[in-house]
Amino acid sequence: MSTFNVGDLGYMVPYLILAIAGMLVVMAEAFFKGSDRSALSGLTVVGALASTVSSIILVRQLGADERHVLLGGMLVADRMSYVLAAVFAATTAATALISPAHQREHGWQNGEYYGVMLLSASGMVMLAHASDLCTVFLGVETMSIGVYVMTGLRRRSKRGNEAALKYFLMGAFATGFLLYGTSNLLRMQSALASTSNPGLVVAGGFLLVIAFGFKVAAVPFHMWAPDAYEGAPSPVTAFMAAAVKAGAVAAMLRLFGTALGGDVLPFGTLGWASPLVVIAALTITFGNIAAVRQENLKRMLAYSSISHGGVLLVGLAALGLGSATADSAIVFYLIAYCVTTIGAFSVIIYVGSAKRERLLVEDWAGLAGRHPAAALAMTVCLLSLGGMPPTGGFFAKFYLFKAATEVYDGQLLWLVVIGVVNSAVSIYYYLRIVTAMYFREANEPFSPTRSTALVLVMGLCAALVLELGLMPGFWLRLVG
Amino acid sequence: MLNDVFFNVGYGHFLVLAGMLFVIGVAGVVVRRNALIMMMSIELMLNAANMTLLTFSRMWGNGSGHAFALIVIAVAAAEAAVGLAIVVAVFRGRRHIDVDRLNTLRS
C-alpha cells in the first residue's frame with residue numbers, strides 16, 4: 001500500500017481537466033446573463049479538447065507495457081486508459097458542438113447541461129483508469145447521475161420526464177446490484193484462489209454481470225434503453241449511445257478483462273463467463289430482430305446500439321478468456337462505434353426542425369435529392385453501423401470477431417457465427433433508411449437546422465468513419 | 001445449534017441479514033409500481049451492500065470497507081436528490097407517479 005504522491009496528479013491530467021472544466025462551466029452558467037448559451041458550449045468544447053490532447057500526449061509518452069499505479073492502487077495509468085480517455089473526451093467535445101443548434105431550435109436553453117456533461121465524462125475517464133472496485137463504483141455513478149440529469153433536462157416535456165424516470169429507476173436498480181456484487185467480492189480480497197466458500201464470490205460475479213448488463217443495455221436488462229433514447233433530446237441520445245455505452249464497456253474491460261480474467265476465474269472459480277456469453281448471444285440477436293420492426297429512427301438506433309453492445313460483450317468474454325488481441329479490438333470497436341453514432345445523430349439533428357423532428361423512416365424520403373451531403377454522411381454512418389467493407393465498422397467487427405476466434409479451444413466460435421449472421425441481418429434495416437433517402441420522392445421540402453458546428457461534426461465523423469476503414473493500421477498501432 | 005443461531009451472533013448473521021435486506025429491496029422494485037416506493041427499495045439494496053461491506057471490513061481487519069460505505073452513503077444521497085427531482089417533474093406533468101401508467105413513449 002503506497003501513499004499519496006503528488007506526481008500521481010500528472011497522470012490524472014485528462015480526468016482533472018474534465019472535472020475542473022465541468023465545475024467551471026456550472027459556475028459560469030450561474031453567473032451568465034442572457035439566453036444564448038453558445039459561449040458555454042464553446043468553453044465545454046475547449047475543456048474536452050484539452051483533455052483529449054493531454055490524453056494523446058500521455059499515450060505517446062507511455063511505453064507499451066508501462067503501468068503506473070496511482071493513489072495507493074485506486075487508479076492505474078497505462079496506454080489503454082489514455083486511449084479510452086481520449087475517446088470519451090473527444091465524444092464529449094463532439095456532443096457539445098452539436099448541442100447548441102438543437103437547443104436553439106427546440107427551445108431548451110439550459111446551460112447547466114454542459115457542466116453536467118463534462119462531469120459525466122470525468123466519471124467515464126475515472127472508469128478508464130479504474131483498478132479498484134471502489135473506483136469502478138464511483139466512476140459508474142458519476143457517469144450515470146450526470147446522464148439522468150441530462151435526459152430529464154426538458155422539464156416541461158412529458159416524454160423527456162418519462163424517459164428520465166425510467167432511465168433513473170433502472171440505473172439505480174443496477175447500482176444496487178453493482179454494489180451488492182462488489183461487497184460480496186470483497187470476500188475474496190485476501191485469498192483469491194483458495195476461498196473455502198466461493199458461494200458469495202460466485203454470487204458477487206453474477207450480480208456484477210447483471211449490473212453491467214443494465215448499464216450496457218444487454219438483453220434481458222435492456223427495456224429502459226429504447227424509451228430513454230426516444231424520450232431524451234437527440235444530442236443527449238447521441239451522448240448516451242456513444243459515450244455512456246463506451247464508459248460502461250471500459251469499466252467491464254477493467255473489471256472482467258483484467259481483474260477477474262485469467263485461466264481459472266472466468267469459467268471455473270468465479271463462473272462469470274457462462275452467463276456473459278449467453279447474454280451476449282441474446283443481446284446481439286434480440287437487438288437486431290427488434291430493430292427490424294422499428295419505424296422511429298431513434299428507437300431503431302437504440303435497438304441497433306443494444307445489438308452493438310452484444311458484439312462488445314463477445315469481445316469482453318474473449319478478453320476474459322485470454323485472447324491476446326481482444327483488448328485492442330474492443331478499443332478499436334469503441335472508437336469506430338462512437339464516431340459513427342455521433343455522426344448519425346448529428347445528421348438526425350440536422351434534418352429535423354422544431355416543427356417536424358423527422359424521426360420516422362418515411363420522413364427521410366428524398367433527402368438525397370435536396371441535401372446530398374447530409375444523405376451521403378448518413379449513408380456512410382449507416383453502412384459502418386451495419387459493418388459494410390469500406391468503413392470503420394467493418395474492420396471493427398472483423399478484428400473483434402477475429403480476437404474471439406483466438407480463444408483457447410474455440411470456445412467462442414458459436415458466438416462469432418451468431419454475430420456474423422446478425423451483422424448480415426442488420427444491413428436490412430440500415431438499408432431501409434438509405435433506400436428511403438435515395439430512391440423515394442420527397443413529399444414536402446426539408447427545413448434543416450442550420451449550424452456550422454453541426455455540419456462540421458457531420459463531415460468530420462463521416463470522413464473519420466471512412467478513414468478508420470481505409471487505414472485501420474494507424475489506429476490499431478495506437479491502441480496496442 | 002439453537003445457541004449458535006440465536007445467541008452467538010457472528011459475521012454470518014450480518015451477512016444473512018444483508019442478504020435478506022437485498023432480496024426485500026429487489027422484490028420491492030419488481031413488485032411495487034410507485035416510483036417513490038421503488039426508490040426506497042433501491043435504498044434498501046444499497047444499505048444491504050453497506051452492511052456486507054462493513055462486515056467484511058471488520059472480518060479482514062482493515063478500514064477500506066468503512067471508507068467505501070461512507071462513499072456509498074454520499075453517492076446514494078446525490079442519486080436520491082436527482083431521482084426526487086425527476087419524480088417531482090413527472091408528478092407536475094401528470095399528477096401521478098405510477099410507472100405502469102407512464103406510456104407516452106411507444107413500447
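# A tour of chains A and B

Start with chain A: buried residues make up 65% of its 480 residues. Keep in mind as you click around that this is a predicted model.

**Chain A, whole view.** Switch to cartoon and you'll see 20 helices and two strands in chain A. Its radius of gyration is 21 Å, close to the 23 Å that the globule rule gives for 480 residues, so chain A is as compact as a globular protein of that length. If you want a box for it, the C-alpha trace spans about 70 × 55 × 40 Å along the principal axes.

**Chain B, whole view.** Now hide A and look at chain B, which has four helices and zero strands. Reading from the N terminus, the order is simply α-α-α-α. Here the radius of gyration is 18 Å, while a compact globule of 107 residues would come out near 13 Å. The C-alpha trace of chain B runs about 55 × 30 × 20 Å along its principal axes, and buried residues account for 40% of its 107 residues.

**Stop 1: the start of chain B.** Select B:Met1, B:Leu2, B:Val5, B:Phe6 and B:Phe7. Together these side chains make a nonpolar patch on the surface, with about 640 Å² of accessible area. Pick out B:Leu2, which sits in helix α1 (residues 2–6) of chain B. B:Leu2 has a relative accessible area of 62%, so it counts as exposed.

**Stop 2: a positive patch.** Bring chain A back and select A:Arg155, A:Arg156, B:Arg92 and B:Arg95. These four gather in a patch of positive charge on the surface. Zoom in on B:Arg92, in helix α4 (residues 64–94) of chain B; its relative accessible area of 61% makes B:Arg92 exposed.

**Stop 3: salt bridges.** There are twelve salt bridges over all chains, and three of them make good stops. Go to A:Arg67 and A:Asp78 first, where the side chains meet at 3.6 Å, N to O. The partners are eleven residues apart: A:Arg67 is in the loop between α3 (38–61) and β1 (68–70) of chain A, and A:Asp78 is in the loop between β2 (75–77) and α4 (79–106). Show the surface and compare the two ends. A:Arg67 is partly exposed at 48% relative accessible area, whereas A:Asp78 is buried at 10%.

Next, select A:Glu230 and A:Arg299, a salt bridge with an N to O distance of 2.4 Å. This pair links distant parts of the chain: A:Glu230 belongs to helix α9 (residues 224–231) and A:Arg299 to helix α13 (residues 297–320) of chain A, 69 residues apart. Buried or exposed, these two residues? Both A:Glu230 and A:Arg299 are buried.

Stay where you are and widen the selection to A:Arg159, A:Glu162, A:Lys166, A:Asp227 and B:Arg94. Along with A:Glu230 and A:Arg299, these residues are linked in a network of salt bridges.

For the third bridge, move to chain B and select B:Arg33 and B:Asp100, whose side chains meet at 3.6 Å, N to O. B:Arg33 is in the loop between α2 (11–31) and α3 (35–60) of chain B, while B:Asp100 is in the segment after α4, 67 residues apart from it. B:Arg33 counts as partly exposed, at 28% relative accessibility.

**Stop 4: backbone oddities.** Which peptide bond joining A:Val219 and A:Pro220 do you find, cis or trans? The bond is cis, with omega about 5°. You'll find A:Pro220 in the loop between α8 (199–215) and α9 of chain A.

Two residues with positive phi come next. A:Arg358 has a phi of about 55° although it isn't a glycine, and it lies in the loop between α14 (326–351) and α15 (367–370) of chain A. With a relative accessible area of 5%, A:Arg358 is buried. Then jump to A:Asp409, another residue other than glycine with a positive phi, near 70°. A:Asp409 is in the loop between α17 (392–405) and α18 (413–439) of chain A. At 65% relative accessibility, A:Asp409 counts as exposed.

**Last stop: a distance to draw.** Select A:Ala30 in helix α2 (residues 13–31) of chain A; at 56% relative accessibility, A:Ala30 is exposed. Then draw a line from its C-alpha atom to that of A:Gly111. The two are 81 residues apart along the chain, with 8.5 Å between the C-alpha atoms.

Methods:
Residues are numbered from 1 along each chain as its sequence is written. Chains are lettered from A and ligands numbered from 1 in the order in which they are written. This is a predicted model: local features need pLDDT of at least 70, side-chain atom pairs count only at pLDDT 80 or more; totals for chains, interfaces and linings use all residues. Side-chain values use heavy atoms; hydrogens and water are left out. Patches are made of residues with over 30% relative accessible area and no salt bridge: like charges are joined within 9 Å, nonpolar side chains (Val, Leu, Ile, Met, Phe, Trp, Tyr) within 5 Å. Accessible areas come from the Shrake-Rupley method with a 1.4 Å probe; for residues, only the protein chains shown count as cover. Lys and Arg count as positive and Asp and Glu as negative; His and the chain ends are not counted. The place of a charge is taken as NZ of Lys, CZ of Arg, CG of Asp or CD of Glu. Buried means under 20% relative accessible area, exposed over 50%, partly exposed in between (1.4 Å probe, protein chains only). The radius of gyration is taken over C-alpha atoms; the globule rule is 2.2 Å times the number of residues to the power 0.38.
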